[in-house]
Amino acid sequence: RADFGSLITARRRQPAGRKSRQSGQRSSSSRVSLEKVLGISTVSSSSLTSDPNSGLIAYPAGCVIVLLHPENNEQSHIINTSSKPFTAVAFSHDGKHLVSGESGHMPCVRVWEVGGGQVAEVQSHKYGVSCVAFSSNSCYVVSVGFQHDMIVSVWDWRKGSIIASNKISSRVLSVSFS
């Protein structure tokens, strides 16, 4: 298991305004913007994916998904507002969407627009999501729960409904549609 944590470089912005109580400096509220993430948190190969159309690379670093543009070494980020660490990511075949799984109690599987926000979510696992994938037509998502969950679920993410779910007997580290 590779887990380098997520060393996050951030810049504090202090708008002009009221004085801070501690230092006497002017500050109404400090805003932090994420510039760059150094590191990766991964449990298996299902935590690293690339879009074959654009070359964009996605990987988790704690509760952030890093979208790396390798041609210019720039990053954009998806931040999990539930503060649960991401464990699995996969691009849709057209590269317009990204599916993610997370760890922790009652984790979600979420679909994101690349360069946009969250568009769908489902909660069908109890302990964590080990791997996710889009179907070849990008209409369905499959997710597999952690070892103690042992559930595979297929859902129509546009309708938000689980169409199939079953218990499995072996640990699964990656999944794909054929």
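The following questions and answers go through the strands, sheets, burial and confidence of one predicted model.

Residues are numbered from 1 along each chain as its sequence is written, and side-chain values use heavy atoms, with hydrogens and water left out. In this predicted model, local features need pLDDT of at least 70 and side-chain atom pairs count only at pLDDT 80 or more, while totals for chains, interfaces and linings use all residues.

Student: How many helices and how many strands does the chain have?
Tutor: Helices (H or I, at least four residues) and strands (E, at least two) are DSSP runs, numbered from the N terminus. From that end on, the elements run β-β-β-β-β-β-β-β-β-β-β-β-β-β. The counts are zero helices and 14 strands.

Student: In which strand is confidence lowest, and in which is it highest?
Tutor: pLDDT is the predictor's confidence in each residue, from 0 to 100. The chain averages 81, and 81% of the residues score at least 70. Confidence is lowest in strand β1 (residues 7–13), at a mean of 37, and highest, at 96, in β9.

Student: Over which residues does pLDDT stay under 50?
Tutor: Where pLDDT is low, the predicted coordinates should not be read in detail. The model has 58 contacts (heavy atoms within 4.5 Å) beyond four places in sequence for the stretch in question. That stretch is residues 1–24.

Student: What is the strand order of the open sheet that contains β8?
Tutor: Two strands pair if DSSP finds at least two bridges between them. Here four strands form an open sheet with antiparallel pairing. β7 (86–91) and β10 (118–122) each have a single partner strand, so they stand at the edges and one side of each is left without a neighbour in the sheet. The order is β7-β8-β9-β10.

Student: What does the twist average from one strand to the next in that sheet?
Tutor: Axes are lines fitted to C-alpha atoms, for helices over the stretch in contact, and angles run from 0 to 180 degrees between N-to-C directions. For the sheet β7-β8-β9-β10, the twist averages 20 degrees.

Student: Which residue of β9 is the bridge partner of H97?
Tutor: Strand β8 (residues 97–102) and strand β9 (residues 109–113) are antiparallel and pair over five bridges. Their hairpin has six residues between the strands, and G104 takes a positive phi near 110 degrees there. The partner of H97 is E113.

Student: Which residue in β10 is the bridge partner of R110?
Tutor: β9 also pairs with β10, in the antiparallel sense over four bridges. This hairpin has four residues between the strands, with G115 at a positive phi near 85 degrees. The partner of R110 is E121.

Student: How many residues of β9 are buried?
Tutor: Buried means under 20% relative accessible area, exposed over 50%, and partly exposed in between (1.4 Å probe, protein chains only). Across the 178 residues of the chain, 41% count as buried. β9 is mostly covered, with a buried count of four of its five residues.

Student: Which strands are at the edges of the open sheet that contains β12?
Tutor: This open sheet has four strands in the order β11-β12-β13-β14, with antiparallel pairing. Each edge strand pairs on one side only; they are β11 (129–134) and β14 (161–167).

Student: Why is β11 largely enclosed by the rest of the structure?
Tutor: β11 pairs with strand β12 (residues 140–145) in the antiparallel sense over five bridges. The bridge partner of V132 in β12 is S143, and that of F134 is V141. β11 is largely enclosed because its buried residues number six of the six.

Student: Which residue in the turn between β5 and β6 has a positive phi?
Tutor: Strand β5 (residues 64–69) and strand β6 (residues 74–79) run antiparallel and are joined by six bridges. One of the bridge pairs is L67 with S76. The hairpin has four residues between its strands, and the residue with a positive phi of about 55 degrees is N73.

Student: How many disulfides does a search of the whole structure find?
Tutor: A disulfide is a pair of cysteine sulfur atoms within 2.5 Å. C63 is partly exposed, with a relative accessible area of 27%, whereas C131 is buried, at 1%. The number of disulfides found is zero.
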